[in-house]
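Got the model open in your viewer? Let's walk through it stop by stop, selecting as we go.

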Amino acid sequence: MPTCPIHRNPITAAESPAVGIAIEGLSKNFGPLQALKNVSFAVEPGEIFVLMGPSGSGKSVLLKHIVGLEAASAGRVLIDGHDAATEGTLEKVRIALVFQAGALFNSISVYDNLALYPREHQLGTEAEIKEKVMRALQILSLENAAQKFPSELSGGMKKRVAIARALVMEPQLMLYDEPTSELDPVMSATISEIIATLKDEYHVTTIVVSHDRELALGIADRIGILMGGELVFLGPPSEVATSKDPRIADFFHPKIDLKKPRFKSLET
Ligand SMILES: Nc1ncnc2c1ncn2[C@@H]1O[C@H](COP(=O)(O)OP(=O)(O)OP(=O)(O)O)[C@@H](O)[C@H]1O
Ligand SMILES: [Mg+2]
């Protein structure tokens with residue numbers, strides 16, 4: 001296994017307790033398309049929940065409901081018991097979303113990408129912000145990348161910068177959308193270790209959207225699987241292998257069958 005690049009150097013004392021999330025009967029329609037169908041599950045404070053499912057099954061749409069970027073057609077999202085759609089709820093919780101593509105600003109340095117949020121929210125003097133930023137970079141072994149621009153970084157480094165930027169927010173809830181996509185297996189394992197270690201050290205509630213089997217089986221406390229907008233599996237990693245549902249087995253261990261190729265039945 002690769003070594004985890006996290007230094008044991010906490011970014012803050014965890015003054016802000018992790019939050020619990022409850023998804024209650026969540027449905028979302030885009031015109032005739034039902035992207036989410038009556039989805040319900042809860043994520044406990046400090047838990048790592050990995051949300052899996054095939055492409056187009058509604059994973060990102062669900063994440064967007066948690067951060068208020070989409071409004072539910074029915075049902076609701078509760079954050080520590082408060083409806084996320086009610087004014088004021090999201091302002092009370094520090095939620096960090098690590099986007100799939102990193103969503104870094106290319107025209108400014110790595111340092112300035114990390115300093116953006118604390119500067120905008122006036123979370124301290126420039127010297128205090130520098131301390132937070134440099135500590136986050138150190139935690140992700142990125143000290144030497146501070147003055148680089150995102151275009152000068154590898155894919156794995158960009159993912160780590162995106163995580164470091166989230167960490168500067170001192171989040172109570174960390175959401176990751178496909179944190180290991182497009183990475184080699186060793187870097188994927190490293191990112192998985194970082195996610196698990198951050199959760200352990202900061203007790204931050206963590207929801208990871210991912211196709212990555214190794215990540216899910218390696219770090220999840222529980223896994224949820226969406227298919228066609230429906231939650232078809234909810235349980236600990238140990239129950240995935242024993243699931244009797246053929247869709248779960250096929251999702252985890254798809255067999256290539258040239259006699260019945262899947263692409264013939266893909267939706268357009
Ligand atoms: N704003 C939107 N307007 C219309 N349809 C949308 C919108 N956002 C998502 N969809 C549709 O909702 C479905 C679920 O999309 P979503 O992005 O959640 O998939 P996903 O599970 O994250 O897939 P992937 O693994 O490829 O990222 C898709 O059919 C998508 O086309
Ligand atoms: Mg997605």
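Start by selecting Glu170, which sits in the loop between helix 5 and strand 7 (173-177). Helices (H or I, at least four residues) and strands (E, at least two) are DSSP runs, numbered from the N terminus. Glu170 isn't a glycine, yet its phi is positive, at about 50°. Is Glu170 buried or exposed? Glu170 counts as buried, because it has 20 C-beta neighbours inside 10 Å. The cut-offs: a residue is buried if 20 or more other C-beta atoms lie within 10 Å of its own, exposed if 12 or fewer, and partly exposed in between, with C-beta atoms placed from the backbone.

A quick word on what you're looking at: this is a predicted model, in which local features need pLDDT of at least 70, side-chain atom pairs count only at pLDDT 80 or more, and totals for chains, interfaces and linings use all residues. Residues are numbered from 1 along each chain as its sequence is written, while chains are lettered from A and ligands numbered from 1 in the order in which they are written.

Next, select His203, in the loop between helix 6 and strand 8 (205-209). Here's another non-glycine residue with a positive phi, near 50°. His203 is partly exposed, with 15 other C-beta atoms within 10 Å.

**Zoom out**

Now show the whole chain as a cartoon. You should find nine helices and ten strands. The chain is as compact as a globular protein of its length, because its radius of gyration is 19 Å, close to the 18 Å that the globule rule gives for 268 residues. (That radius is taken over C-alpha atoms, and the rule is 2.2 Å times the number of residues to the power 0.38.) Along the principal axes, the C-alpha atoms fill a box of roughly 60 × 45 × 35 Å. Buried residues account for 38% of the 268 in the chain.

**Colour the two domains**

Give one colour to domain 1 (18-94 + 171-268) and another to domain 2 (101-169). These bounds come from an automatic or database domain assignment. The domain centres, taken over C-alpha atoms, are 26 Å apart. How many residues does each domain put into the contact? Domain 1 gives ten and domain 2 gives eight, where contact means C-beta atoms, placed from the backbone, within 7 Å. On the domain 1 side, helix 6 (residues 185-202) brings the largest share, four residues. That side divides into eight nonpolar residues, no polar ones and two charged. For this sorting, Ala, Val, Leu, Ile, Met, Phe, Trp, Tyr, Cys and Pro are nonpolar, Asp, Glu, Lys and Arg are charged, and the others, Gly among them, are polar.

**Into the core**

Select Val50, Ala136, Ala164 and Leu175: of the 69 residues in the largest nonpolar core, these touch the most other members. A nonpolar core is a set of buried Ala, Val, Leu, Ile, Met, Phe, Trp, Tyr and Cys residues joined through C-beta atoms within 7 Å. Helix 5 (residues 155-168) supplies the largest share of this core, seven residues. Keep the domain colours on, since domain 1 and domain 2 each contribute at least three residues to this core. Stay with Ala164: leaving out residues up to four places away in sequence, Ala164 touches Leu114, Ala136, Leu137, Ile139, Leu140 and Leu142.

From Leu114, highlight helix 3 (residues 110-120), whose buried residues are Val110, Asn113, Leu114 and Ala115. They pack against helix 4 (126-139) and helix 5. Just after helix 3, look for Gln122, with a positive phi of about 50°.

**Around ligand 1**

Select ligand 1 and show its surroundings: Phe30, Leu33, Ala35, Gly53, Ser55, Gly56, Ser57, Gly58, Lys59, Ser60 and Val61. Each has its C-beta atom, placed from the backbone, within 6 Å of the ligand. Which element supplies the largest share of the shell? Helix 1 does, with three residues. Strand 2 (33-43) and helix 1 (59-66) each supply at least two. By type, the shell divides into four nonpolar, six polar and one charged residue.

**Last stop: a pair of strands**

Select Gly25 in strand 1 (residues 21-30) and Val39 in strand 2. They are 14 residues apart along the chain, with 4.9 Å between their C-alpha atoms. Gly25 is partly exposed, with 13 other C-beta atoms within 10 Å, whereas Val39 is buried, with 24. Setting aside neighbours within four places in sequence, Val39 is in contact with Ile23, Leu26, Leu62 and Leu231.

Terms used
Contact = placed C-beta atoms within 7 Å.
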